[in-house]
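Trainee: I've got a model open and I'd like to learn how to read it. Could you walk me through a few features, one at a time?

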Amino acid sequence: MIDAPRWRSYLQTVNRAGGVEYRMEDIRDYTIEQNWSEYSADEHAIWRFLLDRQQRLLVGRACRDYLDGLAGLGVAAAGIPDFRRLSELLDRATGWRIAPVPGIVPDALFFTLLARRRFPSTCFIRRRDQLDYLAEPDVFHDICGHVPMLMNPVFADYMQAYGEGGLKALRLGHLKELARLYWYTVEFGLIGTPEGLRIYGSGIVSSAGESVYCLDEPAPHRLHFDLRRVMRTSYHIDRYQQTYFVINDFAELFAATRPDFAPLYHEIGVLPEIAADAVLPGERPWEPKKEGRA
Ligand code: PHE
Ligand code: FE
């Protein structure tokens, strides 16, 4: 958790960093009220259905950090949570808060919010005919998918650093490369644990179909995470992933992404893009680390 003086000086740094950030006044124009008391009984029931289903599916599939984070959000069990209560909980854990937004927000605003440890969340919940799939994020994806990981201190810092990196990528004109990193880690990341392969990506944990598919189906490639490789790989937003990248732990992911990306953008900006389903010569599928002697 960040103490208040550090937080204030941090905000001042963000404000001075360059031209693309939003100021607090602009952020207020884009954020909305959740109007929690207006949700219908059926909307809360849809939430409970989705949460029950995922809680059953994700045992032994989601990573420990995700499951611990979800358990720490007890308020979410009864129905769509009130963001004000959720923010208090999250703030106490890692200094993050929820910023209610009407839908997809402009990139610069999205990054500005993340850089300030504000997670933009939609408020609406999918309809009953969309329980298995919907194209845009809803409150179930945004909250149940993302917030448990934000309870983890290392991941919480990673997300803030990503926001700062996003503002920089916008200035440098390399958002495409950086967005792939978000896609293949925050949204669709897998992690190798001593117990086996586990899920941490929010796009997966909020999808009943993909939480099974990504681990059990032989079709998708599962490759070791490699920053340059990921940043060159395209993706499809409207189907299960053809390739997943596997990290060993969050500290390692954060260490790999900490260096200045500016030289990296120049280096990979001229290289060809890699198709979402491609495997390059020499690439081998992810395998669990062998215990004991080789
Ligand atoms: N190191 C990245 C940069 O210099 C920022 C970043 C950190 C991006 C963590 C993603 C995750 O742009
Ligand atoms: Fe998401």
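Trainee: Let me start with a ring and a charge: which residue lies over the face of Phe254?

Mentor: Before that, keep in mind that this is a predicted model. For a charge over a ring, you check how far the charged end is from the ring centre and whether it sits along the ring normal. Here Arg258 does the job, at 4.2 Å from the ring centre of Phe254.

Trainee: And which residues does Phe254 cluster with through ring pairs?

Mentor: Ring pairs link Phe254 with Phe155, Tyr158, Tyr200 and Phe250.

Trainee: How many aromatic pairs are there by that rule?

Mentor: The count is 16. Take Phe110 and Tyr182: their ring centres are 5.8 Å apart and the planes meet at 80°. Planes over 60 degrees apart count as edge-to-face, and that is how this pair is classed.

Trainee: Which parts of the chain does that pair tie together?

Mentor: Phe110 belongs to helix α6 (residues 107-115) and Tyr182 to helix α9 (residues 175-187), so the contact bridges parts 72 residues apart in sequence.

Trainee: Is Phe110 buried or exposed?

Mentor: The cut-off for buried is under 20% relative accessible area. Phe110 comes in at 18%, so it counts as buried. Tyr182 is buried too, at 10%.

Mentor: Now try another one from helix α9. Tyr184 and Phe245 are also edge-to-face, with 5.0 Å between centres and 85° between planes. Phe245 sits in strand β6 (residues 243-247), so this pair joins a helix to a strand across 61 residues of sequence. Both Tyr184 and Phe245 are buried.

Trainee: On to the metal. Which protein donors does the iron ion (ligand 2) have?

Mentor: With a metal, list the donor atoms and their distances, then look at the spacing in sequence. The iron ion (ligand 2) has His141 (NE2), His146 (NE2) and Glu187 (OE) as its protein donors, at 2.0 to 2.2 Å. Their spacing reads H-x4-H-x40-E. His146 is in helix α7 (residues 139-150) and Glu187 in helix α9, 41 residues apart, making this a link between distant parts of the chain. His146 and Glu187 are both buried.

Trainee: What about His141: what does its side chain make a polar contact with?

Mentor: Ser206, side chain to side chain, at 2.9 Å. His141 lies in helix α7 and is buried, with 11% relative accessible area. Leaving aside residues up to four places away in sequence, its contacts are Arg126, His146, Glu187, Ser202, Gly203 and Ser206.

Trainee: Last topic, the core. Which residues touch the most other members of the largest nonpolar core?

Mentor: For a core, look for the members with the most neighbours in it. In this one, with 86 residues, they are Trp47, Tyr66, Met159, Leu181, Leu190, Tyr200 and Met231. Follow Leu181: beyond four places in sequence, its contacts include Tyr158, Phe225, Met231 and Phe261.

Trainee: And which side chain reaches the backbone oxygen of Leu181?

Mentor: That's Thr185, at 2.6 Å. Thr185 is in helix α9 and is buried, with a relative accessible area of 0%. Again skipping residues up to four places away, Thr185 touches Tyr158, Tyr200, Gly201, Phe225 and Leu253.

Methods. Residues are numbered from 1 along each chain as its sequence is written. Chains are lettered from A and ligands numbered from 1 in the order in which they are written. This is a predicted model: local features need pLDDT of at least 70, side-chain atom pairs count only at pLDDT 80 or more; totals for chains, interfaces and linings use all residues. Side-chain values use heavy atoms; hydrogens and water are left out. Rings of Phe, Tyr and Trp (its six-membered ring) pair if their centres lie within 6.5 Å; planes under 30 degrees apart count as stacked, over 60 as edge-to-face and the rest as tilted. Helices (H or I, at least four residues) and strands (E, at least two) are DSSP runs, numbered from the N terminus. Buried means under 20% relative accessible area, exposed over 50%, partly exposed in between (1.4 Å probe, protein chains only). A charge sits over a ring if NZ of Lys or CZ of Arg is within 6 Å of the ring centre and within 35 degrees of the ring normal. Donors are N, O and S atoms within 2.8 Å of the metal (3.2 Å for Na, K and Ca); water is not among the atoms, so sites may look incomplete. A nonpolar core is a set of buried Ala, Val, Leu, Ile, Met, Phe, Trp, Tyr and Cys residues joined through side-chain atoms within 4.5 Å. Contact means heavy atoms within 4.5 Å. A polar contact is a pair of N or O atoms within 3.5 Å; within protein, one must be able to donate a hydrogen and the other to accept it, and residues adjacent in sequence count only if both atoms are side-chain atoms.
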